[in-house]
Amino acid sequence: MNTKYIDLIDQTYYFPQEEFNLDGEYLQFHGIPLNELVQKYGSPLKFTYLPKISDNILRAKNWFANAIEKNNYKGKYHYCYCTKSSHFQHVMHEALKNEIHMETSSAFDINIIEKLKKDGKLTDQTYVICNGFKREKYIDNIARLINSGHQNCVPIIDNYEEIDLLSDAINDTFKVGIRIASEEEPKFEFYTSRLGIGYKNIVPFYENQIKDNDKVELKMLHFFINTGIRDNAYYWNELVKCLKVYVRLKKICPSLDSLNIGGGFPIKNSLAFEYDYQYMINEILNQINITCSEADVPVPHIFTEFGSFTVGESGGAIYEILYQKQQNDREKWNMIDSSFITTLPDTWAINKRFIMLPINRWNDEYERVLLGGLTCDSDDYYNSEQNMNAIYLPRYKREKPLYIGFFNTGAYQESIGGYGGLQHCLIPQPKHILIDKDENGNFTYKQFRAQQKAEDLLDILGYDVTAEDE
Ligand SMILES: Cc1ncc(COP(=O)(O)O)c(C=O)c1O
C-alpha cells in the first residue's frame, strides 16, 4: 500500500506543479528551498516572494493584449493595483516596476501616493482611481493631489454628496467616475451593494448633479462584483446590466470613455484550482463589443483593480507543528506555533481556503489531523471545511519536527490582522522575510520585520516599558 505523503499527493493531484516541486523530501515554492528558509530564520515566519507580483501583473497584461487583438477591440487596457490588498512599500515598489496605475480606498492611501511620487515611483500620468466612501480627510487629500497637478486622479463617486464636496475643495476642473451599486448575489443577505449608486439612479444623478457642473468631467463608470469575476450567470448578467447603463450614459455624456470592471480575479487556493483567465477576458471584451456596437457607441477603455491577483500569490506563512493532542479516537489536533486568527484572519473570519502543504517529511507516512492555533480561542483552527478535503499531513513524531506552509496568503491578511498591533492572547506576530532574485537569478533574503517582542505589545498596552529597564 502507498502510505507516504508524496503518494497521497501524487494520487490526488497533478504534481509537481508550476510553483510547487520537491527536492528530495523537501518542498520548494518557485524553486525557493523552504526548509532552508525555516532552518535559517526559524518558525513561525511569513514571507513575500516579490517576483511573483510582477509576474502576475505581466500575465494579466498579456491576457488583455491577446483579448484586445482577438476581439479587434478599439479601447485600451489599464492595470491598476488595489492598494488595500497590501500597502507595504516593498509590494508597491515591485508592482510599480510594471507601468501600472493605482486604486485607493481611503484618506491615508493618498499620503502613500504622494510619497511614491516624491520617490519617483509614479508620475502625474499614473491614474489614481479613488474609491471608497469619502469623508473630509479623504476629500481633502484627493483635492490636494489634484490641485498639485495630478489630473489623472479620478475620484469615483460613491454617494450623492461627494460631487459638491470635491467641487468645493478642487480649484480647477477634474475628472470623476461613478460607481454602480451592483445587485448582490441571490444567496447574499442584502439585495443591493451599499457601495456606489443604484443602476436606475445613475443617469438621473448625471443629469442633476454632473451635466451642468462646469468643473466636473465624467470619464468612468465603475462596477465591482463582490463575488469576483466568475464564469457564472450572475456575473454575466450583472456585466450586461452595467453595459446597458454605460451605453445609455455615453449617449448623453460624450466625455465618458472608460469602464472600470474592478477587482476580483481569483487566485490559486488549492492544488486542483482551475480557472481560464484568458477565456474570461476574451468573453468580457466580446460582451462589451456586442453591447456597444448594438447601441452604436464607441467601446470604452478598460480599467481593472486587481488586489488579490496582484499580491496574493506572492505570500506565504510557515509554522511548526509543536505538539499533537489526541482528544478522542478520531480527533488529533496538530498545534501550530502561532495563531490562525491573527496571522491568517480570513481563515477564521470568512472560512477562506489557502493551499496548505508540509515543508518536509514528504516520504513519511501520513495521517488525518486538525490544525489548531495557539490562542485559547476555540475558533482558532483550520480544518477540512476550509481545506476542501480533510487535512492530511506526515505523521506527527516528537523527534522529527514537521513544518507546514500556507501559500498564496499575500493579500489582505496583514491589514485585517492589524499588522504590528495587539495580537489575540498576545501570541506575537511572526517575523517577515522578503525574498527576491538578483541579476544572476539567485534568491536573496532580507528580514523585513523581526518577531514581535513582549515590549512591543506591552508598549501598545500602555505599560511603561522603558521605566522597567532603569
Ligand atoms: C472597489 C474595489 N476594487 C478592487 C478590489 C480588489 O478586489 P480583489 O482583491 O478581489 O481583486 C476591491 C476589493 O474589495 C474593491 O472593493
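A polar contact is a pair of N or O atoms within 3.5 Å, and this cut-off underlies the first views of the structure, which is a predicted model.

**View 1. Polar contacts between the ligand and the protein backbone.** An oxygen atom of the ligand is found 2.8 Å from a polar backbone atom of Ser 308. At Gly 264, a backbone N or O atom likewise lies 2.8 Å from an oxygen atom of the ligand.

**View 2. A side-chain contact and the cover of the ligand.** Tyr 412 places a polar side-chain atom 2.5 Å from an oxygen atom of the ligand. On its own the ligand has 390 Å² of accessible area, and the protein covers 84% of it.

**View 3. The shell of residues around the ligand.** The ligand is surrounded by 14 residues, of which the closest are Gly 264, Glu 305, Gly 307, Ser 308 and Tyr 412. Sorted by class, this shell holds four nonpolar, six polar and four charged residues.

**View 4. Two residues of helix H15.** Helix H15 spans residues 454-460 and includes Ile 460, and Leu 457 is found in helix H15 as well. Leu 457 counts as buried because its relative accessibility is 4%, whereas Ile 460, at 42% relative accessibility, counts as partly exposed. Measuring from C-alpha to C-alpha, Leu 457 is 30 Å in space from Glu 313, and the two are 144 residues apart in sequence.

**View 5. A nonpolar patch on the surface.** Ile 460 joins Leu 422, Leu 426, Leu 461 and Tyr 463 in making a nonpolar surface patch of about 470 Å².

Terms used: Residues are numbered from 1 along each chain as its sequence is written. This is a predicted model: local features need pLDDT of at least 70, side-chain atom pairs count only at pLDDT 80 or more; totals for chains, interfaces and linings use all residues. Side-chain values use heavy atoms; hydrogens and water are left out. Patches are made of residues with over 30% relative accessible area and no salt bridge: like charges are joined within 9 Å, nonpolar side chains (Val, Leu, Ile, Met, Phe, Trp, Tyr) within 5 Å. Accessible areas come from the Shrake-Rupley method with a 1.4 Å probe; for residues, only the protein chains shown count as cover. A salt bridge is a side-chain nitrogen of Lys or Arg within 4 Å of a carboxyl oxygen of Asp or Glu. Helices (H or I, at least four residues) and strands (E, at least two) are DSSP runs, numbered from the N terminus. Buried means under 20% relative accessible area, exposed over 50%, partly exposed in between (1.4 Å probe, protein chains only). A residue is near a molecule or strand if one of its heavy atoms lies within 4 Å of it. A polar contact is a pair of N or O atoms within 3.5 Å; within protein, one must be able to donate a hydrogen and the other to accept it, and residues adjacent in sequence count only if both atoms are side-chain atoms. Ala, Val, Leu, Ile, Met, Phe, Trp, Tyr, Cys and Pro count as nonpolar, Asp, Glu, Lys and Arg as charged, and the others, Gly among them, as polar.
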